[in-house]
Amino acid sequence: MNGSLARRVALVTGGSRGIGAETARLLGAAGAHVFVNYREKARRAQRVAREITDAGGTATAVRADLTDQAAVSAMVGEIGRLDVLVLNASGGMERDAAPGYALRLNRDAQLALVDAAVLAPSARIVFVTSHQAHFHRERATHPEYEPVAASKRAGEDALRARVPELTERGIGLVVVSGDMIEGTTTATLLERRHPGTIDDRRGRAGSLPTIAEFAAEVVAAATAPLESGHTVYVGGGDYLEAA
Ligand SMILES: NC(=O)c1ccc[n+]([C@@H]2O[C@H](COP(=O)([O-])OP(=O)(O)OC[C@H]3O[C@@H](n4cnc5c(N)ncnc54)[C@H](OP(=O)(O)O)[C@@H]3O)[C@@H](O)[C@H]2O)c1
């Protein structure tokens, strides 16, 4: 989807906090009607939607656990046709996560949403991922993040396998991969378990992207004239040099 976001309809999965929330705000500021998806943090998602409307935009908070097919169907019915689908929601490090949950959310649920969504013929899908996941085969990660990294990479690969079929429908896929981002829940959890993690990443990379910088790249990827399957890298020069 090239051009303006004005009056386009966008869904941001996992828009209740962190990168997803900032992505939703930026999409709203650019004129899109934003559906802010969340799993359980209704108040946070409603606050994000209100921030968008207070700034002059339009937004709706929509609840759906992406691993619950009935909830996804209900959400899709509420939204209708989509121009931009930002696959941002991610998980698997939750304390109570069942075995296999990371793969169900980060691969299976991403594909199921793409299949269920009513995507406009020129729609753009943006898959949000981390360098730790994208470069999972090349570089080891922390053991706690390992199932997340492996399942997110599996999700990315499964989506990429859909590119020919999506292209036939006029739909594009862009992957946006970023280095570790301070202030996010994942980085905070990893820092807590392995003190020095964030400084170590900053030392290797030179600097780390901020939530605002990363979200701006996600939003740019929603309309930039990029070939389907393109990957946008944000930060982490050392990963790219080694690749
Ligand atoms: N953190 C980093 O350093 C970093 C770096 C580069 C890329 N990324 C990528 O950026 C994206 C967002 O990361 P983040 O750190 O901002 O995430 P986060 O803070 O963990 O937020 C996760 C979001 O996903 C939602 N969510 C979780 N499980 C869900 C489910 N089953 N169904 C629907 N929504 C669900 C949560 O909703 P509730 O609040 O309602 O639970 C929340 O809004 C991820 O794809 C991640 O790989 C992160």
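How do the residues of the lining of the second largest pocket divide into nonpolar, polar and charged? The answer is three nonpolar, four polar and four charged, and the points below place that pocket beside the ligand site and the enclosed space of this predicted model.

1. The second largest pocket holds about 210 Å³ of space. Its lining is made up of Gln 132, Arg 139, Ala 140, Thr 141, His 142, Met 180, Thr 197, Asp 200, Arg 201, Arg 204 and Tyr 239. Helix α9, which spans residues 197-205, is the element that gives the most to this lining, with four residues.

2. The largest pocket has a volume of about 1,200 Å³, and of the 47 residues that line this pocket, Arg 17, Ser 90, Gly 91, Thr 185 and Thr 186 are the closest to its centre. Divided by class, the lining of the largest pocket comprises 18 nonpolar, 17 polar and 12 charged residues.

3. Turning to the elements behind that lining, at least two residues each are supplied to the largest pocket by α1, β2, α4, β5, α6 (146-160) and α8. The largest share of this lining comes from α8, which provides seven residues.

4. The ligand sits in the largest pocket, and the elements that give two or more residues to the shell around the ligand are α1 (18-29), β2 (33-38), α4 (101-116), β5 (118-130) and α8 (185-193). Within that shell, the element that gives the most is β5, with three residues, whereas in the lining of the largest pocket the largest share comes from α8.

5. The shell around the ligand counts 31 residues, of which Ser 16, Asn 88, Lys 152, Ile 181 and Thr 184 come nearest. By class, this shell is made up of 11 nonpolar, 13 polar and seven charged residues.

6. Several polar contacts to the ligand can be listed individually, and they involve both backbone and side-chain atoms of the protein. A polar backbone atom of Leu 66 is 2.9 Å from a nitrogen atom of the ligand, while a polar side-chain atom of Thr 184 lies 2.8 Å from a ligand nitrogen atom. An oxygen atom of the ligand, in turn, lies 3.4 Å from a polar side-chain atom of Thr 185. As for how much of the ligand is covered, the protein takes up 97% of the 910 Å² of accessible area that the ligand has on its own.

7. Thr 184 and Thr 185 deserve to be read together with the earlier points: Thr 184 is among the residues that come nearest to the ligand, and Thr 185 is among those closest to the centre of the largest pocket.

8. Apart from the pockets, a search of the whole structure finds one cavity of 30 Å³ or more, and the volume of the largest cavity is about 30 Å³. This cavity is lined by Leu 11, Val 76, Ile 79, Gly 80, Leu 82, Ala 117 and Val 118, a set that divides into six nonpolar residues, one polar residue and no charged residue. The lining of the second largest pocket, by contrast, includes four charged residues.

Conventions. Residues are numbered from 1 along each chain as its sequence is written. This is a predicted model: local features need pLDDT of at least 70, side-chain atom pairs count only at pLDDT 80 or more; totals for chains, interfaces and linings use all residues. Side-chain values use heavy atoms; hydrogens and water are left out. A residue is near a molecule or strand if one of its heavy atoms lies within 4 Å of it. A polar contact is a pair of N or O atoms within 3.5 Å; within protein, one must be able to donate a hydrogen and the other to accept it, and residues adjacent in sequence count only if both atoms are side-chain atoms. Accessible areas come from the Shrake-Rupley method with a 1.4 Å probe; for residues, only the protein chains shown count as cover. On a 1 Å grid over the protein atoms alone, a cavity is a set of points where a 1.4 Å probe fits but cannot get out, and a pocket is an open set with protein on both sides within 12 Å along at least five of seven lines; lining residues have an atom within 4 Å of a point. A molecule sits in a cavity or pocket if more than half of its atoms lie within 2 Å of its grid points. Ala, Val, Leu, Ile, Met, Phe, Trp, Tyr, Cys and Pro count as nonpolar, Asp, Glu, Lys and Arg as charged, and the others, Gly among them, as polar. Grid points are joined across faces, edges and corners, and a volume is the space filled by probe spheres set on the points.
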